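Here is a brief report on one model, with its sequence and coordinates. It covers the ligand shell, the sheet and the helix packing.

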Amino acid sequence: MVFGIYLRAFRTEDALFINALRRIEAMENKIGGVKRFVSPERELKWVQDIIQGDNPSAVYLAICENGNDGIIGYTSIADIDYRNGSCFWSGIKLAPEKSGKGYGLQTALMILKYVFEELRMVRCIGHALEEHGVAIKLMEKAGFRKEGLMRNYVYKNGEHKNTWLLSILQEEYIQVKQRYELEP
Ligand SMILES: CC(C)(COP(=O)(O)OP(=O)(O)OC[C@H]1O[C@@H](n2cnc3c(N)ncnc32)[C@H](O)[C@@H]1OP(=O)(O)O)[C@@H](O)C(=O)NCCC(=O)NCCS
């Protein structure tokens, strides 16, 4: 597979982009996280804390198109447990105009490469609202399998919503690499 994007560390100037994404109501409605009102100043502090915090249990990365270092989306890994070799991939947020170009799948494959080939994890989990067919399809294309439906896991937009727990194991990632003919 040829990748049109790459991942890089957050920079201070990414905060405004991240804050703008948060204000897209249609996007917030689809994802599992709680809705929050966040001022640009607070977002800047959050980004700066990530940049300078050295938290070993989380990684936040900006998504950029090849040849352009400007941020078009971001992704993160949390709950990195070095003893048990497990972590939580928190998903992706892409600028709406950059969706539908295959960048979501490419991001997932890059994250899994980092999770299994750098962090030495054996298991990576992810969540998707039951109604978010695009996210479930994307995760399954990247090799995740449904483990179970977490009932009433999220309260959002006046309703309790079910959420799929999905996971991928290291040995399944090896098959994903072969399927997409990824570099060794
Ligand atoms: C969800 C999201 C990450 C998908 O990224 P993307 O780059 O558009 O996805 P891709 O182009 O890699 O497509 C992956 C699959 O989903 C399908 N897909 C993408 N957008 C779709 C849409 N709006 N409707 C239906 N299918 C869609 C693609 O067709 C593709 O499947 P295919 O190859 O069989 O055709 C992106 O739209 C986004 O950031 N959405 C807002 C945040 C969000 O919902 N995040 C949760 C994702 S973990």
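Which helices and strands each supply at least two residues of the shell around the ligand? There are four such elements listed for this predicted model: helix H2 (25-30), strand E4 (86-94), helix H4 (103-117) and helix H5 (133-141).

**Ligand shell**

The ligand has 18 residues around it. Gly91, Leu94, Ser99, Gly104 and Leu105 come nearest. By character, the shell divides into nine nonpolar, five polar and four charged residues.

**Sheet**

Seven strands form an open sheet. Their order is E1-E2-E3-E4-E5-E7-E6, and the pairing is mixed. Strand E1 (5-9) and strand E6 (145-156) are the edge strands; each has a single partner, so one side of each lacks a neighbour in the sheet. On average, neighbouring strands of this sheet are turned by 30 degrees against each other, direction ignored.

Within the sheet, strand E5 (residues 123-129) and strand E7 (residues 159-169) run antiparallel. Seven bridges join E5 to E7. Ile125 has Ser167 in E7 as its bridge partner.

H4 packs on this sheet. The helix touches E1, strand E2 (59-65), strand E3 (71-81), E4, E5 and E7. The direction of H4 makes about 155 degrees with that of E4.

**Helix pairs**

Two helix contacts are set side by side below.

| Pair | Angle | Axes | Crossing |
|---|---|---|---|
| H4 and H5 | about 45 degrees | 9 Å apart | right-handed |
| H1 and H3 | roughly 120 degrees | within 9 Å | right-handed |

How do H4 and H5 lie to each other, parallel or oblique? Their angle is about 45 degrees, and H4 and H5 are therefore oblique to each other. H4 passes H5 in a right-handed crossing. Gly104, Leu105 and Ala108 in H4 meet Leu138, Met139 and Lys141 in H5. The residues of this contact divide into four nonpolar, one polar and one charged. Gly104 and Leu105 of H4 are also among the residues that come nearest to the ligand.

The other pair is helix H1 (residues 14-22) with helix H3 (residues 40-53). Their axes cross at roughly 120 degrees; H1 and H3 are therefore oblique to each other. H1 passes H3 in a right-handed crossing. On the H1 side, the contact is made by Asp14, Ala15, Leu16, Ile18 and Asn19. H3 contributes Pro40, Glu43, Leu44 and Val47. The residues of the contact of H1 with H3 divide into six nonpolar, one polar and two charged.

How values were computed: Residues numbered from 1 in each chain as written. Predicted model: local features only at pLDDT ≥ 70, side-chain atom pairs only at ≥ 80, totals over all residues. Near = placed C-beta within 6 Å. Nonpolar A, V, L, I, M, F, W, Y, C, P; charged D, E, K, R; others polar. Axes fitted to C-alpha atoms, helices over the stretch in contact; angles between N-to-C directions. Parallel < 35°, antiparallel > 145°, perpendicular 65-115°, else oblique. Left-handed = near helix turned anticlockwise from the far one by under 90°. Contact = placed C-beta atoms within 7 Å. Pairing = 2+ DSSP bridges.
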